[in-house]
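Biologist: I would like a close look at one part of this protein, starting from a single side chain. Please put the answer in connected form and move on to the surroundings from there.

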Amino acid sequence: MNDTYVEVMVDRKTSPLVGIGRVVCYVLAAVLFLLGIIGNGVLIIFAAALAAVAYFVFPRFDIEYEYLYVDREISIDKIMSKEKRRNVYTVDLNKMELMAPIGSHELDSYKARNLRSYDFTSLTEEAKVYSIVYETGKEGTVLVNIEPGDDMLRAVKNVFPRKVLEY
């Protein structure tokens, strides 16, 4: 049993609006709490609800993706707030039609068909993003965008040399 194991971690870029929204929620909660103490006590309930939203919802926007390549399969996990992990997609590379850089002309015919696309990348401009054209049973053909890294790209190319393009 000669399995290749490659792991790649990718931090997703967080929008600046998330940080601004978090600060606005906390400030608004503090103001409502103070107004609730001075005047109407019902505002304290709204302040607590707003603080709970800021505490529980906004950390979900801190996202990392982990790609695991094991035995002709790429498993993609989503990690939220460096605490909660969830498997979001698995690509069986035996059903892969093509893996190419996002700007490759080989992908033009697939993009013209308006296929369903999944984006598991960092959303940064300097990232080396590859699209995997993948045939699923129930959804048909889909495009899966990832940032595989050199080790993962080499491992996939060793198994599927004609399906992986690097230009």
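Biologist: Is Lys128 buried or exposed, and what is its relative accessible area?

Modeller: A caution comes before the answer: this is a predicted model. In it, Lys128 has a relative accessible area of 52%. Exposed means over 50%, so Lys128 counts as exposed.

The next point is what Lys128 does with its charged end. Its side chain meets that of Asp150 in a salt bridge, with 3.5 Å from N to O. Lys128 sits in the loop between S6 and strand S7 (130-135), while Asp150 belongs to helix H4 (residues 149-159), so this salt bridge ties together parts that are 22 residues apart in sequence. The general idea behind such a pair is that side chains of opposite charge can pair when their charged atoms come close.

This is one of eight salt bridges in the structure. Another joins Arg12 to Asp119, with 3.8 Å between the closest N and O atoms. Here the partners come from distant parts of the chain, 107 residues apart: Arg12 is in the loop between strand S1 (5-11) and helix H1 (16-38), and Asp119 is in strand S6. Asp119 has a relative accessible area of 31%, so it is classed as partly exposed.

A further salt bridge is made by Glu64 and Lys82, whose closest N and O atoms are 3.0 Å apart. Glu64 is in strand S2 (residues 63-70) and Lys82 is in the loop between strand S3 (73-80) and S4, so parts 18 residues apart in sequence are tied together. The two partners differ in their surroundings: Glu64 is buried, with 11% relative accessibility, whereas Lys82 is exposed, with 57%. Salt bridges also link Glu66, Asp77 and Arg85 into a network.

Several of these residues lead to the sheet. Four strands form an open sheet in the order S1-S2-S3-S4, with antiparallel pairing. S1 and S4 are its edge strands, each pairing on one side only. On average, neighbouring strands of this sheet are turned by 20 degrees against each other, direction ignored. As a general point, the side chains of a regular strand alternate between the two faces of the sheet.

At one edge, seven bridges join S1 and S2 in the antiparallel sense. Val8 is placed opposite Tyr67 in S2. The helix that holds the partner of Lys128 comes in here: H4 packs on the sheet and touches S1, S2 and S3, and its direction makes about 30 degrees with that of S2. At the other edge, S3 and S4 run antiparallel and are joined by eight bridges. Arg85, named above in the salt-bridge network, is the bridge partner in S4 of Ile79. S3 and S4 form a hairpin with three residues between them, and Ser81 in the turn has a positive phi of about 60 degrees.

Strand S4 also takes part in the aromatic pairs, of which the structure holds seven. In one of them, Tyr89 and Tyr118 have ring centres 4.8 Å apart and planes at 40 degrees, so the pair counts as tilted. Tyr89 is in strand S4 (residues 84-92) and Tyr118 in strand S6 (residues 116-119), so the pair ties together parts 29 residues apart in sequence. Tyr89 is buried, at 10% relative accessibility. Tyr118 is buried as well, with a relative accessible area of 16%. Tyr118 also pairs with Phe120, and this pair is stacked, with 6.2 Å centre to centre and 0 degrees between the planes. Phe120, like Tyr118, is buried. Ring pairs join Tyr65, Tyr89, Tyr118, Phe120 and Tyr134 into a cluster.

One more residue touches this region. Asn145 lies in strand S8 (residues 141-146) and is buried, with 10% relative accessibility. Leaving aside neighbours within four places in sequence, the residues in contact with Asn145 include Tyr118, Asp119, Phe120 and Val129. Ser131 is also among the contacts of Asn145, and the side chains of Asn145 and Ser131 make a polar contact of 2.4 Å.

To return to the start, Lys128 is exposed, and its salt bridge runs to Asp150.

Methods:
Residues numbered from 1 in each chain as written. Predicted model: local features only at pLDDT ≥ 70, side-chain atom pairs only at ≥ 80, totals over all residues. Heavy atoms only, no water. Phe/Tyr/Trp six-rings, centres within 6.5 Å; stacked < 30°, edge-to-face > 60°. Helix = DSSP H or I, 4+ residues; strand = E, 2+ residues; numbered from the N terminus. Buried < 20%, exposed > 50% of the residue type's maximum accessible area, 1.4 Å probe, protein only. Polar contact = N/O pair within 3.5 Å; in protein donor to acceptor, adjacent residues only side chain to side chain. Contact = heavy atoms within 4.5 Å. Salt bridge = Lys/Arg side-chain N within 4 Å of Asp/Glu carboxyl O. Pairing = 2+ DSSP bridges. Axes fitted to C-alpha atoms, helices over the stretch in contact; angles between N-to-C directions.
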